[in-house]
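Work through three short exercises on the structure shown below. Try each task before reading its solution.

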Amino acid sequence: MSATNLTMSTGIPGSFSSLKKMDSLPGSLQQPMAVELKGKVKVQRSRTSRAQRVRVAGVRNMAPEVVEMEPASQGSQLLVPRQKYCESIHKPVRRKTRTVSIGGVTVGSEHPIRVQTMTTTDTKDVKGTVEQVMRIADRGCDIVRITVQGKKEADACYEIKNTLVQKGYNIPLVADIHFAPSIAMKVADCFDKIRINPGNFADRRAQFEILEYTEADYQEELRHIEEVFTPLVEKCKKLGRAMRIGTNHGSLSDRIMSYYGDSPRGMVESAFEFARICRKHDYHNFLFSMKASNPVVMVQAYRLLVSEMYVNNWDYPLHLGVTEAGEGEDGRMKSAIGIGALLQDGLGDTIRVSLTEAPEEEIDPCTKLANLGMKISAEQKGAEFEEKHRRYFDFQRRTGQLPLQREGELVDYRNVLHRDGSVLMSVTLDQLKNPEVLYRDLATKLIIGMPYKDLATVDTILLNKLPEVADRASRLAVKRLTDVGIGVLTPLAEQLANPLPHAMALATLDEIISGAHENLPAGTRLAVTLRGDEPEEQLAKLKDLDLIMLLLYIPEGDEKSSRVHASRRLFEYLQTNDINFPVIHHLKFPANTHRDDLVIKSGSEAGAMLVDGLGDGVLLEAADLDFDFLRNTSFGMLQGCRMRNTKTEYVSCPSCGRTLFDLQDVSAEIREKTDHLPGVSIAIMGCIVNGPGEMADADFGYVGGAPGKIDLYVGKEVVRRGIAMEKATNELIGLIKEHGRWVDPEPSEV
């Protein structure tokens with residue numbers, strides 16, 4: 001289709017943030033925003049561009065902008081914005097960003113991805129804070145953030161900075177500011193960077209009220225923001241300080257939520273209001289962040305932010321992070337999913353992994369993610385394909401057709417995969433020698449030694465080697481699994497050489513092309529393993545097959561393709577050709593892989609696909625890692641991608657100087673008593689700053705209200721205030737019971 005230059009008689013917004021009504025959501029977040037090629041439109045032919053370029057004027061005095069447009073579908077006269085959110089969808093190309101100077105550290109695409117964390121000490125405790133910053137710096141951290149909530153804390157910042165310099169530590173310090181413009185002004189004299197939260201810097205604390213605004217009302221609010229924020233902008237510009245405009249999903253203002261909803265779009269507009277003021281005063285030494293505790297929301301928000309910046313020709317760097325991620329493998333997995341998905345697209349210039357642990361413990365996983373981002377953007381391995389189906393800004397899952405039962409089959413195959421996401425595990429011949437231990441490892445219920453499926457039972461096992469026909473005990477152990485609906489998958493060669501009744505045969509694409517699968521007994525269920533970067537004439541063989549699933553596997557260290565981009569190519573092929581087999585992401589790790597490396601690698605690769613709704617499950621193999629760890633990591637990935645919920649979900653802040661109780665100890669106590677409630681989400685928040693908003697995803701909340709006092713929430717509503725901390729956990733359990741969400745834990749097996 002030839003390109004068209006359009007001059008619109010009635011303009012459409014040049015960027016998503018220009019749309020103010022919630023019923024006018026852009027195509028990336030709802031239905032395609034369309035411009036019809038009819039009416040009074042001047043049309044000129046051009047051979048210079050395959051896309052349409054539309055000059056538009058938005059609302060609120062925004063300058064006219066040029067938007068890339070494209071047909072909504074092939075041959076369509078309806079145009080939608082070209083939704084560019086990264087440099088390339090085919091390979092990891094780092095987005096070009098300007099350099100922001102933070103003390104002696106530079107952030108931007110010409111520099112390494114920087115590692116950050118935040119202190120958890122009381123800022124007024126100068127000695128404790130200095131010692132913690134020194135420990136953090138010694139672990140290799142580039143930048144440290146310190147909470148500064150009042151005048152006493154601001155006064156302490158001078159002594160903290162001076163003491164660190166005297167001890168030879170020049171690590172840049174960042175002041176974390178909420179609700180306190182005057183404190184930001186004071187601490188800008190000594191710290192290298194100011195982090196402001198646009199949701200509460202000039203607005204009152206959100207009451208989660210739906211407010212009605214006229215355009216005049218809204219403009220008046222913007223004038224108030226500019227009046228409050230401009231002095232800080234001018235001071236940072238004069239002193240050479242940096243700034244982060246850091247939106248949190250949990251602390252959007254009522255004004256923003258009334259116009260844009262509690263949404264990624266509201267997060268972006270909240271930040272842009274402040275960025276426009278910075279630009280008005282020719283201040284550009286700032287960067288953005290779009291944090292949320294939900295990795296799916298976080299990824300959408302950053303992509304929408306970058307899409308907006310492309311429209312406006314802005315090049316500000318990004319600080320990446322999943323806030324309130326929690327602790328242990330779950331916290332690391334959520335961060336790997338959110339941060340890793342963005343790094344795969346070349347987005348991100350500095351990162352923080354927020355864990356409910358000592359800040360020093362954040363440095364190692366954060367460094368691993370930063371190194372991963374630098375490595376993949378340097379290698380730029382990818383796959384060429386035309387992408388039409390993946391949704392960049394909203395979650396829309398491609399769900400594969402689950403297995404159907406065939407007439408005459410003696411085994412029920414309908415449960416070998418789960419509708420909300422499946423977990424497959426590799427099992428060895430040695431594990432079959434001790435069936436009861438294996439059944440427990442697979443998380444089945446045991447009744448008189450017999451296995452039964454439970455909520456978080458592995459769905460299918462992979463037997464790379466089958467037991468000999470003479471090994472009747474091992475074969476009986478497998479039969480008991482198939483009898484209760486657990487699938488058994490084995491390589492085609494094994495099934496041909498040593499047939500196991502009711503096992504599903506796993507063939508390579510080469511074996512399919514050679515016809516080797518035709519030697520299987522009639523009725524044998526078949527799966528195929530493939531890379532995703534095969535020529536389309538080979539992938540076309542899939543159209544002729546009746547498969548129970550596909551396994552997507554690229555060997556670790558493969559020199560040809562990026563796992564993420566080859567996977568996207570495969571999903572595009574499947575969707576284009578209406579092939580709806582379930583797809584399992586299969587990752588195999590070499591010996592001596594560290595647990596954190598496995599979590600970060602699998603989360604940033606398989607998780608990056610699942611967070612886009614592309615995939616139906618995971619199979620993680622690592623021969624020398626604990627079986628329970630692999631199973632829990634797999635289920636944790638599905639839950640982190642908002643797919644299958646098999647355990648209590650915790651939204652737990654990482655602690656800072658505002659925290660009003662020992663977050664690590666309290667979090668451990670609450671988890672110990674409530675970790676058996678799948679489907680229930682509990683927020684554990686050290687203070688009120690992000691509390692109610694970040695609990696949007698939580699059913700119940702435990703929030704520090706005052707020293708030694710806890711407020712309990714149901715959703716965003718506080719229902720009990722000022723509970724003595726020693727009684728608060730039991731009060732929380734009582735609240736869960738009142739709302740019918742409690743079940744007693746099952747007694748431990750003796």
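**Exercise 1.** In this predicted model, find which residues Val133 touches, leaving out those up to four places away in sequence. Then decide whether Val133 is buried or exposed.

*Solution.*
- Step 1: List the contacts. Val133 touches Thr119, Val144, Ile146, Leu164, Ile171 and Leu173.
- Step 2: Place the residue. Val133 sits in helix α1, which covers residues 126–138.
- Step 3: Apply the cut-off. Buried means under 20% relative accessible area. Val133 has 0% relative accessibility, so Val133 counts as buried.
- Step 4: Look along the chain. Pro359 is 226 residues away from Val133 in sequence, yet their C-alpha atoms are separated by 9.2 Å.

**Exercise 2.** Locate Phe179, and state what value its phi is near. Then classify its accessibility.

*Solution.*
- Step 1: Locate Phe179. The residue lies in the loop between β11 (173–177) and α3 (181–187).
- Step 2: Read the angle. Phi of Phe179 is near 65°, a positive value, and the residue is not glycine.
- Step 3: Classify. Partly exposed lies between the limits of 20% and 50%. Phe179 is at 30% relative accessibility, so Phe179 counts as partly exposed.

**Exercise 3.** Do the same for Asn313: which loop holds Asn313, what value is its phi near, and is Asn313 buried or exposed?

*Solution.*
- Step 1: Locate Asn313. The loop runs between α7 (295–312) and β15 (319–320).
- Step 2: Read the angle. Phi of Asn313 is near 60°, again positive in a residue other than glycine.
- Step 3: Classify. Exposed means over 50%. Asn313 has a relative accessible area of 70%, so Asn313 is exposed.

Notes. Residues are numbered from 1 along each chain as its sequence is written. This is a predicted model: local features need pLDDT of at least 70, side-chain atom pairs count only at pLDDT 80 or more; totals for chains, interfaces and linings use all residues. Side-chain values use heavy atoms; hydrogens and water are left out. Helices (H or I, at least four residues) and strands (E, at least two) are DSSP runs, numbered from the N terminus. Buried means under 20% relative accessible area, exposed over 50%, partly exposed in between (1.4 Å probe, protein chains only). Contact means heavy atoms within 4.5 Å.
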